[in-house]
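This report follows one helix from its exposed side to its buried side, and then turns to the overall fold and a patch on the surface.

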Amino acid sequence: MEATMTKRAAAKRQTREGVFDSHSFSEDSKVRRLPTSRNNHEAWSPHASNDTREQGYLKTLKPKSEGQAELLNAIDASNMTLALGPAGTGKTYLAVAKAVEALEAGKVGRIVLSRPAVEAGESIGFLPGAMEDKLAPYLRPLYDALSDRLSMKRVGHLMAEGLIEIAPIGYMRGRTLNNAFVVVDEAQNCTYVQLKMLLTRLGWHSTMVVTGDPQQSDLLPGVSGLADIASRLEAVPEISVVRLAEQDIVRHPLVASMIGVL
């Protein structure tokens, strides 16, 4: 009777957990099943003092196109990189991800993210609150990219400590950004004078990435200075200008189709 109940319990457990098949896990899989054998002295235990398991989790940053690979290599090789391309090519995400990577590795002392407070074709009116509250809707894409690489709790702690700073372009004049990773997003909404001011903020031991789409400016025609700045800086050997194209779009396939006809 006892043997029958043991077999029945084993059958229920097998139905619930499934049969362990080592071939179902690839060698480079991030998922591992803990050994449950009591005779296995190498089995993990919560009471083990020499726990060597990986405690952190961070998404692996991998390019999804040749253009993205070129952009990542350019950021590693140059102190200043301009990333130009249509929407959905991952310009902002890759720039912020490299900034987080540099901060975590100790290569820079802080991250400075800047973005013009320009409304996309319509006025949202007066916003209550302090400066951070007023700018929150404009800077939301940067928060989204940060939260995808770090938890929002960690982002809050780093911002409170001053290791991550999110600032509008209007507050950048007169500053020198040393030992920092600077990301200037939506640069197509900056004038030539604004971009010249921003680019000259670069200090010692710093990296700057400027992202934008010259074809998607919310300014009046001819006011954006991104295309002119990029064409001039292409002649400087120490500066990388990466131009992404429709084949680098990683959003829904319809985005690439629309970009081609709009």
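## The two sides of helix 2

In this predicted model, helix 2 has one side on which Glu 66, Asn 73, Asp 76 and Ala 77 are exposed. Gly 67, Gln 68, Leu 71, Leu 72, Ala 74 and Ile 75 of helix 2 are, by contrast, buried. Because these buried residues cover an arc of only 160° around the axis, they lie on the same side of helix 2. An α-helix has 3.6 residues a turn, so residues three or four places apart point the same way.

Helix 2 itself spans residues 66-77, twelve residues in all, and reaches 16 Å from its first C-alpha to its last, which is close to the 16 Å expected at 1.5 Å a residue. Its buried residues pack against helix 3 (91-104) and against four strands, namely strand 1 (80-84), strand 4 (180-184), strand 5 (207-212) and strand 6 (239-243).

## Overall fold

The protein has eight helices and six strands, and from the N terminus on these elements run in the order α-α-β-α-β-α-α-β-β-α-β-α-β-α. Of its 262 residues, 35% count as buried, and among contacts between residues at least 6 apart in sequence, 73% join residues at least 24 apart.

## Surface and a nonpolar patch

The accessible surface of the protein comes to about 16,700 Å², with 53% of it belonging to carbon and sulfur atoms. Leu 254, Met 258, Val 261 and Leu 262 form a nonpolar patch on this surface, and together they have about 490 Å² of accessible area. Within the patch, Val 261 lies in helix 8 (residues 253-261) and is exposed, with a relative accessible area of 69%.

Note on methods: Residues are numbered from 1 along each chain as its sequence is written. This is a predicted model: local features need pLDDT of at least 70, side-chain atom pairs count only at pLDDT 80 or more; totals for chains, interfaces and linings use all residues. Side-chain values use heavy atoms; hydrogens and water are left out. Patches are made of residues with over 30% relative accessible area and no salt bridge: like charges are joined within 9 Å, nonpolar side chains (Val, Leu, Ile, Met, Phe, Trp, Tyr) within 5 Å. Accessible areas come from the Shrake-Rupley method with a 1.4 Å probe; for residues, only the protein chains shown count as cover. A salt bridge is a side-chain nitrogen of Lys or Arg within 4 Å of a carboxyl oxygen of Asp or Glu. Helices (H or I, at least four residues) and strands (E, at least two) are DSSP runs, numbered from the N terminus. Buried means under 20% relative accessible area, exposed over 50%, partly exposed in between (1.4 Å probe, protein chains only). The expected span of a helix is 1.5 Å times one less than its number of residues. The arc is that of the directions from the helix axis to the C-beta atoms. Contact means heavy atoms within 4.5 Å.
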